[in-house]
Amino acid sequence: MIVLEQLNRIFKVGDEQVHGLRQVDLTIGKGEYVAIMGPSGSGKSTLLNMIGLLDRPDSGNYFFENEDMTRLSDHQQAEFRRHKIGFIFQFFHLVPRMSCAENVELPLMLAGVERKERKERVARVVKAFGLEQRANHRPDQLSGGQRQRVAIARATIMNPHILLADEPTGNLDRNSGMEVIEILEQLNRDGITLIMVTHDPELGERAARRIHMVDGRIVSDTALK
Ligand code: ADP
Ligand code: MG
(Lines give C-alpha, C1' and ligand atoms only; values in the text may rest on other atoms or scores of the structure.)
(Ligands and ions follow the chains in the order given, each with its own letter.)
Protein backbone atom coordinates (compact mmCIF):
# COMPACT_ATOMS: atom_id res chain seq x y z
CA MET A 1 0.00 0.00 0.00
CA ILE A 2 2.89 2.31 0.88
CA VAL A 3 6.31 1.98 -0.71
CA LEU A 4 9.16 4.33 0.14
CA GLU A 5 12.44 3.96 -1.72
CA GLN A 6 15.69 5.64 -0.77
CA LEU A 7 13.91 8.58 0.74
CA ASN A 8 16.02 11.52 1.88
CA ARG A 9 15.02 14.72 3.59
CA ILE A 10 17.60 17.38 4.34
CA PHE A 11 16.66 20.50 6.28
CA LYS A 12 18.80 23.59 5.78
CA VAL A 13 19.23 25.50 8.99
CA GLY A 14 21.40 28.56 8.34
CA ASP A 15 24.59 27.18 6.78
CA GLU A 16 24.04 23.75 8.25
CA GLN A 17 22.31 20.72 6.84
CA VAL A 18 20.25 18.52 9.10
CA HIS A 19 19.44 15.06 7.81
CA GLY A 20 15.83 14.37 8.76
CA LEU A 21 15.71 11.12 6.78
CA ARG A 22 18.56 9.11 5.27
CA GLN A 23 17.98 6.52 2.57
CA VAL A 24 14.74 5.25 4.04
CA ASP A 25 13.26 2.15 2.41
CA LEU A 26 9.92 1.01 3.78
CA THR A 27 6.93 -1.02 2.61
CA ILE A 28 3.69 -1.07 4.56
CA GLY A 29 0.76 -3.28 3.61
CA LYS A 30 -2.96 -2.62 3.85
CA GLY A 31 -4.38 -3.07 7.33
CA GLU A 32 -1.04 -3.15 9.16
CA TYR A 33 -0.52 -1.76 12.66
CA VAL A 34 2.93 -0.22 12.80
CA ALA A 35 4.68 1.61 15.64
CA ILE A 36 7.53 3.97 14.79
CA MET A 37 9.90 4.37 17.70
CA GLY A 38 13.23 5.99 18.46
CA PRO A 39 14.81 8.84 20.39
CA SER A 40 13.80 12.44 20.05
CA GLY A 41 15.15 13.94 16.83
CA SER A 42 15.56 10.57 15.09
CA GLY A 43 13.19 11.46 12.24
CA LYS A 44 9.94 9.85 13.35
CA SER A 45 7.77 12.91 12.69
CA THR A 46 9.62 13.68 9.48
CA LEU A 47 8.84 10.16 8.25
CA LEU A 48 5.18 10.41 9.26
CA ASN A 49 4.87 13.82 7.59
CA MET A 50 6.28 12.34 4.36
CA ILE A 51 3.79 9.49 4.42
CA GLY A 52 1.01 11.97 5.21
CA LEU A 53 2.00 14.28 2.35
CA LEU A 54 2.64 17.14 4.75
CA ASP A 55 6.22 17.36 3.49
CA ARG A 56 8.15 16.30 0.38
CA PRO A 57 11.38 14.31 0.19
CA ASP A 58 14.49 15.85 -1.35
CA SER A 59 15.07 12.59 -3.19
CA GLY A 60 13.62 9.12 -3.43
CA ASN A 61 10.31 7.60 -4.42
CA TYR A 62 6.96 7.41 -2.68
CA PHE A 63 4.15 5.22 -3.98
CA PHE A 64 0.73 5.13 -2.32
CA GLU A 65 -1.54 2.40 -3.67
CA ASN A 66 0.76 2.21 -6.71
CA GLU A 67 0.46 5.91 -7.44
CA ASP A 68 3.65 8.00 -7.53
CA MET A 69 3.11 10.71 -4.91
CA THR A 70 6.19 12.75 -5.82
CA ARG A 71 4.67 13.54 -9.22
CA LEU A 72 1.56 15.15 -7.77
CA SER A 73 1.29 18.93 -7.51
CA ASP A 74 0.69 20.48 -4.09
CA HIS A 75 -2.95 20.85 -4.99
CA GLN A 76 -3.24 17.22 -6.07
CA GLN A 77 -1.50 16.12 -2.90
CA ALA A 78 -3.93 18.10 -0.76
CA GLU A 79 -6.84 16.48 -2.58
CA PHE A 80 -5.32 13.03 -2.16
CA ARG A 81 -4.63 13.65 1.53
CA ARG A 82 -8.18 14.82 2.14
CA HIS A 83 -9.65 11.57 0.86
CA LYS A 84 -7.11 8.91 1.73
CA ILE A 85 -5.19 10.01 4.81
CA GLY A 86 -6.19 10.82 8.40
CA PHE A 87 -3.69 12.56 10.67
CA ILE A 88 -3.68 12.85 14.48
CA PHE A 89 -1.23 14.99 16.42
CA GLN A 90 0.04 15.15 19.99
CA PHE A 91 -1.49 18.60 20.50
CA PHE A 92 -4.78 17.78 18.74
CA HIS A 93 -4.67 20.71 16.25
CA LEU A 94 -8.39 21.40 16.58
CA VAL A 95 -9.78 24.73 15.41
CA PRO A 96 -10.22 26.60 18.72
CA ARG A 97 -13.20 28.74 17.72
CA MET A 98 -15.23 25.88 16.31
CA SER A 99 -17.39 23.49 18.29
CA CYS A 100 -16.58 19.82 18.54
CA ALA A 101 -19.21 19.00 15.86
CA GLU A 102 -17.93 21.76 13.54
CA ASN A 103 -14.37 20.47 13.84
CA VAL A 104 -15.54 16.99 12.86
CA GLU A 105 -17.58 18.45 9.98
CA LEU A 106 -14.68 20.43 8.52
CA PRO A 107 -13.24 17.73 6.19
CA LEU A 108 -16.74 17.13 4.76
CA MET A 109 -17.12 20.84 4.05
CA LEU A 110 -13.73 20.96 2.35
CA ALA A 111 -14.74 17.97 0.25
CA GLY A 112 -17.99 19.69 -0.79
CA VAL A 113 -20.35 17.17 0.81
CA GLU A 114 -23.84 18.65 0.95
CA ARG A 115 -25.25 19.97 4.20
CA LYS A 116 -27.84 17.30 4.95
CA GLU A 117 -25.38 14.45 4.50
CA ARG A 118 -22.76 16.35 6.52
CA LYS A 119 -25.07 16.75 9.48
CA GLU A 120 -26.07 13.08 9.39
CA ARG A 121 -22.52 11.81 9.20
CA VAL A 122 -21.31 14.16 11.94
CA ALA A 123 -24.16 13.15 14.25
CA ARG A 124 -23.38 9.47 13.70
CA VAL A 125 -19.66 9.88 14.36
CA VAL A 126 -20.10 12.18 17.37
CA LYS A 127 -22.36 9.54 18.87
CA ALA A 128 -20.00 6.68 18.06
CA PHE A 129 -17.15 8.49 19.83
CA GLY A 130 -19.25 9.23 22.92
CA LEU A 131 -19.16 12.98 22.34
CA GLU A 132 -22.90 13.72 22.10
CA GLN A 133 -22.94 15.74 25.31
CA ARG A 134 -19.99 17.76 24.04
CA ALA A 135 -21.03 18.34 20.42
CA ASN A 136 -21.57 22.07 20.88
CA HIS A 137 -18.61 22.67 23.16
CA ARG A 138 -15.43 24.33 22.00
CA PRO A 139 -12.13 22.43 22.35
CA ASP A 140 -11.07 24.51 25.38
CA GLN A 141 -14.16 23.22 27.18
CA LEU A 142 -13.10 19.59 26.69
CA SER A 143 -10.60 17.35 28.48
CA GLY A 144 -7.48 16.18 26.66
CA GLY A 145 -8.96 12.75 26.04
CA GLN A 146 -12.14 14.26 24.63
CA ARG A 147 -10.14 16.59 22.38
CA GLN A 148 -8.19 13.67 21.01
CA ARG A 149 -11.44 11.79 20.37
CA VAL A 150 -12.71 14.81 18.40
CA ALA A 151 -9.44 14.80 16.48
CA ILE A 152 -9.81 11.08 15.68
CA ALA A 153 -13.42 11.63 14.60
CA ARG A 154 -12.29 14.45 12.31
CA ALA A 155 -9.40 12.36 10.95
CA THR A 156 -11.63 9.40 10.08
CA ILE A 157 -14.89 10.97 8.91
CA MET A 158 -13.77 10.79 5.27
CA ASN A 159 -13.08 7.05 5.68
CA PRO A 160 -9.36 7.35 4.92
CA HIS A 161 -7.33 4.26 4.00
CA ILE A 162 -4.61 5.13 6.44
CA LEU A 163 -4.44 6.75 9.84
CA LEU A 164 -1.22 8.44 10.94
CA ALA A 165 -0.81 9.31 14.61
CA ASP A 166 2.17 11.30 15.90
CA GLU A 167 2.50 10.68 19.66
CA PRO A 168 -1.30 10.67 20.03
CA THR A 169 -1.11 10.02 23.78
CA GLY A 170 1.90 12.24 24.45
CA ASN A 171 -0.22 14.96 26.02
CA LEU A 172 -2.72 12.75 27.86
CA ASP A 173 -2.89 11.10 31.26
CA ARG A 174 -2.60 7.33 31.29
CA ASN A 175 -6.31 6.53 31.34
CA SER A 176 -7.24 8.93 28.55
CA GLY A 177 -4.21 7.67 26.63
CA MET A 178 -5.35 4.06 26.85
CA GLU A 179 -8.85 5.07 25.77
CA VAL A 180 -7.40 6.78 22.69
CA ILE A 181 -5.18 3.78 21.90
CA GLU A 182 -8.15 1.44 22.15
CA ILE A 183 -10.13 3.58 19.71
CA LEU A 184 -7.21 3.59 17.26
CA GLU A 185 -6.78 -0.17 17.59
CA GLN A 186 -10.49 -0.76 17.01
CA LEU A 187 -10.30 1.33 13.83
CA ASN A 188 -7.32 -0.82 12.78
CA ARG A 189 -9.27 -4.03 13.44
CA ASP A 190 -12.04 -2.56 11.29
CA GLY A 191 -9.51 -2.37 8.46
CA ILE A 192 -7.71 0.96 8.55
CA THR A 193 -3.92 0.92 8.21
CA LEU A 194 -2.51 2.43 11.41
CA ILE A 195 0.94 3.99 11.73
CA MET A 196 1.70 5.42 15.13
CA VAL A 197 4.75 7.29 16.36
CA THR A 198 5.42 6.75 20.04
CA HIS A 199 8.36 6.73 22.36
CA ASP A 200 6.43 4.72 24.92
CA PRO A 201 7.79 1.13 24.75
CA GLU A 202 4.59 -0.22 26.29
CA LEU A 203 2.54 1.22 23.42
CA GLY A 204 5.10 0.06 20.90
CA GLU A 205 4.72 -3.49 22.22
CA ARG A 206 1.04 -3.45 21.27
CA ALA A 207 1.71 -2.92 17.58
CA ALA A 208 2.07 -5.86 15.23
CA ARG A 209 5.21 -4.33 13.74
CA ARG A 210 7.85 -2.05 15.27
CA ILE A 211 10.17 0.19 13.35
CA HIS A 212 13.09 1.75 15.17
CA MET A 213 14.74 4.94 13.92
CA VAL A 214 18.07 6.47 14.86
CA ASP A 215 19.53 9.57 13.25
CA GLY A 216 17.17 9.57 10.26
CA ARG A 217 17.62 5.89 9.46
CA ILE A 218 15.50 2.82 10.03
CA VAL A 219 17.75 0.61 12.17
CA SER A 220 15.33 -2.21 12.87
CA ASP A 221 11.97 -3.42 11.63
CA THR A 222 10.40 -6.31 13.51
CA ALA A 223 7.08 -7.97 12.94
CA LEU A 224 5.35 -10.08 15.58
CA LYS A 225 3.84 -13.26 14.35
P1 ADP B 1 11.40 13.07 16.00
O2 ADP B 1 9.97 13.19 15.59
O3 ADP B 1 11.93 11.66 15.92
O4 ADP B 1 11.66 13.66 17.35
P5 ADP B 1 11.89 14.89 13.80
O6 ADP B 1 11.45 14.08 12.63
O7 ADP B 1 10.98 15.94 14.29
O8 ADP B 1 12.30 13.89 14.99
O9 ADP B 1 13.28 15.58 13.45
C10 ADP B 1 14.37 14.88 12.86
C11 ADP B 1 15.54 15.85 12.69
O12 ADP B 1 15.22 16.81 11.71
C13 ADP B 1 15.89 16.64 13.96
O14 ADP B 1 17.27 16.83 13.99
C15 ADP B 1 15.16 17.93 13.77
O16 ADP B 1 15.80 18.98 14.46
C17 ADP B 1 15.23 18.12 12.26
N18 ADP B 1 14.08 18.87 11.72
C19 ADP B 1 12.80 18.43 11.69
N20 ADP B 1 11.99 19.33 11.09
C21 ADP B 1 12.79 20.38 10.78
C22 ADP B 1 12.56 21.63 10.14
N23 ADP B 1 11.35 22.00 9.70
N24 ADP B 1 13.62 22.45 9.97
C25 ADP B 1 14.84 22.10 10.39
N26 ADP B 1 15.14 20.93 10.98
C27 ADP B 1 14.13 20.07 11.18
MG1 MG C 1 8.34 14.00 16.61
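1. Let's start with Ser 176. Is Ser 176 buried or exposed? In this predicted model, its relative accessibility is 16%. Buried means under 20%, so Ser 176 counts as buried. You will find this residue in helix H6. For a sense of distance, pick out Lys 12 as well: the two residues are 164 residues apart along the chain, and their C-alpha atoms are separated by 38 Å.

2. Now step back to the whole chain. Its secondary structure comes to seven helices and 10 strands. The radius of gyration is 18 Å, close to the 17 Å that the globule rule gives for 225 residues, so the chain is as compact as a globular protein of that length. Taken along the principal axes, the box filled by the C-alpha atoms is roughly 45 × 40 × 40 Å.

3. Next, look at how the chain meets itself and its surroundings. Among contacts with a separation of 6 or more, 69% are between residues 24 or more positions apart. Of the 225 residues, 48% count as buried. The accessible surface comes to about 11400 Å², and carbon and sulfur atoms account for 47% of that area. As for charge, there are 30 positive and 31 negative side chains, with the centres of the two sets 5 Å apart.

4. Here is a helpful background idea: in soluble globular proteins, nonpolar side chains tend to be buried together. In this model, the largest nonpolar core has 39 residues, and Ile 152, Leu 163 and Leu 184 are those with the most contacts inside it. Several elements give two or more residues to this core, including strand S3 (33-37), helix H3 (100-110), helix H5 (144-156) and strand S7 (162-166). Which helix supplies the largest share? That is H6, with six residues.

5. Ile 152 is a good residue to click on. Leaving aside residues up to four places away in sequence, Ile 152 touches Ile 88, Phe 129, Val 180, Ile 183, Leu 184 and Leu 187. Apart from the largest core lies another one, of 28 residues, and its members include Leu 47, Leu 53, Leu 164 and Val 197.

6. Helix H1 deserves a visit too. How many of its eight residues are buried? The count is six, so by the under-20% cut-off H1 is mostly covered. The buried residues are Lys 44, Thr 46, Leu 47, Leu 48, Met 50 and Ile 51. Notice that a lysine and a threonine appear in that list along with leucines. After H1 comes Leu 53, whose phi is positive, near 60°.

7. Take Thr 46 from that helix, which spans residues 44-51. Thr 46 counts as buried because its relative accessibility is 13%, under the 20% limit. Setting aside residues up to four places away in sequence, Thr 46 touches Arg 9, Phe 11, Gly 20 and Leu 21.

8. Finally, compare His 83, which lies in helix H2 (residues 74-84). Is His 83 buried, partly exposed or exposed? With 32% relative accessibility, His 83 counts as partly exposed, since that class runs between the 20% and 50% limits. Beyond residues up to four places away in sequence, His 83 touches Ala 111, Met 158, Asn 159 and Pro 160. Its C-alpha atom and that of Leu 184, 101 residues apart along the chain, are separated by 18 Å.

Conventions:
Residues numbered from 1 in each chain as written. Chains lettered and ligands numbered in written order. Predicted model: local features only at pLDDT ≥ 70, side-chain atom pairs only at ≥ 80, totals over all residues. Heavy atoms only, no water. Helix = DSSP H or I, 4+ residues; strand = E, 2+ residues; numbered from the N terminus. Rg over C-alpha atoms; globule rule 2.2 N^0.38 Å. Buried < 20%, exposed > 50% of the residue type's maximum accessible area, 1.4 Å probe, protein only. Contact = heavy atoms within 4.5 Å. Areas by Shrake-Rupley, 256 points an atom, 1.4 Å probe, with all protein chains shown as cover. Lys, Arg positive; Asp, Glu negative; His and termini not counted. Charge placed at Lys NZ, Arg CZ, Asp CG, Glu CD. Core = buried A, V, L, I, M, F, W, Y, C linked by side-chain atoms within 4.5 Å.
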